[in-house]
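Student: Please take one part of this model and look at it closely, then follow the chain outward from there. Plain wording is enough.

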Amino acid sequence: MTQLRSAVILITGAVGGFGQELTRQLLMAGSRLILTDLDKPALYQRAADIQRQVATGEVLACFETDLSSGEGCEALYHQVKALDIPIDILINNAGIAVFGRMDEVPAPEWERLMQVNLITPMRLSSLFVADMIARQKGHIVNISSVAGWFAPAGLTHYSASKYGLRGFSEGLFNEVKDYNVKVTAVYPFFSRTPILQAKRYGTLAEGHQGVPDSWATDPAKVMAATLQGIQRDQLHVFPDAIAQNVQRFKRYTPGLLDWISNEFAKRLNRGAS
């Protein structure tokens with residue numbers, strides 16, 4: 001089992017909803033954290049606020065990094081290496097979303113999405129896994145999405161990135177398992193985080209209400225289930241009831257999932273509450 005107490009953990013996207021919950025819960029578990037995000041003042045402020053509330057754990061460093069490029073990933077890797085502290089767990093949490101019909105979303109927007117959601121976790125994993133293999137110890141965690149199991153209209157780009165992250169996680173698991181390096185992919189339903197306010201474009205965005213708050217999951221509960229899955233070394237973690245049902249339907253009754261997905265889209269367009 002992966003131990004969280006005293007583990008050195010690198011979290012990307014630490015300012016967002018899941019990032020803040022990961023920071024809070026891992027500090028409570030006694031972990032030692034390295035945090036990164038785009039907004040340095042917000043990163044420092046929120047890390048300080050959380051640490052004042054939590055008596056255990058430690059924030060070792062905060063790095064302002066733009067991970068939407070290979071250069072940004074390399075820069076983060078070298079900043080972490082300069083600390084001379086081996087990483088026990090890498091949590092690829094940073095992610096963005098856009099909503100709209102495939103051809104109506106501007107290319108720079110969806111290309112950046114693919115970079116942040118898929119290419120960046122692949123880059124960071126390839127950089128840090130070599131050290132883990134050499135130490136015969138480590139754990140890579142990729143925060144995917146239930147959209148990595150089904151692709152509703154308007155989320156084609158987002159789903160493509162999350163499907164890709166699922167495939168990458170499975171392949172990486174098979175490549176590093178003989179070196180005592182663990183891999184976990186997490187598939188939450190849409191949660192009460194800033195990603196629900198993603199940019200919207202074109203025809204599908206007209207009249208689309210987005211996911212109502214009453215439908216969204218609680219980030220604290222989702223991340224608590226996620227950490228439990230990490231500790232158990234699970235490859236696939238479905239941290240909420242909706243995600244669990246979606247993957248079951250996808251496996252055993254895909255036609256039913258298609259019908260549910262269509263009904264889901266209709267209700268959002270009617271402004272369900």
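Tutor: Gln 136 is in the loop that runs between helix 4 (107–135) and strand 6. Helices (H or I, at least four residues) and strands (E, at least two) are DSSP runs, and they are numbered from the N terminus. The model is a predicted one: local features need pLDDT of at least 70, side-chain atom pairs count only at pLDDT 80 or more, and totals for chains, interfaces and linings use all residues. Residues are numbered from 1 along each chain as its sequence is written, and side-chain values use heavy atoms, with hydrogens and water left out.

Gln 136 is not a glycine, yet its phi is positive, about 55°. Most residues other than glycine have a negative phi. Gln 136 has 40% relative accessibility and counts as partly exposed. In these terms, buried means under 20% relative accessible area, exposed means over 50%, and partly exposed is in between (1.4 Å probe, protein chains only).

After this loop comes strand 6, which pairs with strand 7 in the parallel sense over six bridges. Two strands are said to pair if DSSP finds at least two bridges between them. One of the bridges joins Gly 138 to Val 181 in strand 7. Strands of a sheet pair through backbone hydrogen bonds, either parallel or antiparallel. Strands 6 and 7 belong to an open sheet of seven strands, with parallel pairing and the order 3-2-1-4-6-7-9. Its edge strands, each paired on one side only, are strand 3 (58–64) and strand 9.

Strand 6 also brings in helix 7. The buried residues of helix 7 pack against strand 6 (138–143), strand 7 (181–186), strand 9 (236–237) and helix 1 (17–28); contact means heavy atoms within 4.5 Å. Helix 7 covers residues 219–231, which is 13 residues, and spans 18 Å from its first C-alpha to its last, close to the 18 Å expected at 1.5 Å a residue. That expected span is 1.5 Å times one less than the number of residues. The buried residues of helix 7 are Pro 219, Val 222, Met 223, Thr 226, Leu 227, Gly 229 and Ile 230. Viewed down the axis of helix 7, they fall within an arc of 160°, so they line one face of the helix. The arc is taken from the directions from the helix axis to the C-beta atoms. An α-helix has 3.6 residues a turn, so residues three or four places apart point the same way.

Now the two ends of helix 7. At the start, a side-chain oxygen of Asp 218 comes to within 3.0 Å of the backbone nitrogen of Ala 220. Such a polar contact is a pair of N or O atoms within 3.5 Å; within protein, one must be able to donate a hydrogen and the other to accept it, and residues adjacent in sequence count only if both atoms are side-chain atoms. Helix 7 is followed by Asp 233, which lies in the loop between helix 7 and strand 9. Like Gln 136, which has a positive phi, Asp 233 is a residue other than glycine with a positive phi, near 60°. Asp 233 is partly exposed, at 22% relative accessibility.

Back in the sheet, strand 1 (residues 8–12) is mostly covered, with five of its five residues buried. Val 8, Leu 10 and Thr 12 are buried on one side of strand 1, and Ile 9 and Ile 11 on the other. Strand 1 pairs with strand 2 in the parallel sense over five bridges, and Thr 12 stands opposite Thr 36 in strand 2.

Strand 2 (32–37) leads into the loop before helix 2 (40–53), and Asp 39 lies in that loop. Asp 39 is partly exposed, with a relative accessible area of 39%. Its side chain reaches the backbone nitrogen of Ala 42 at 3.2 Å. The C-alpha atoms of Asp 39 and Thr 65 are 8.2 Å apart, although 26 residues separate them along the chain. Thr 65 is also touched by Gln 79, as is Phe 63, not counting residues up to four places away in sequence. Gln 79 is part of helix 3 (residues 70–82) and is partly exposed, with a relative accessible area of 29%.
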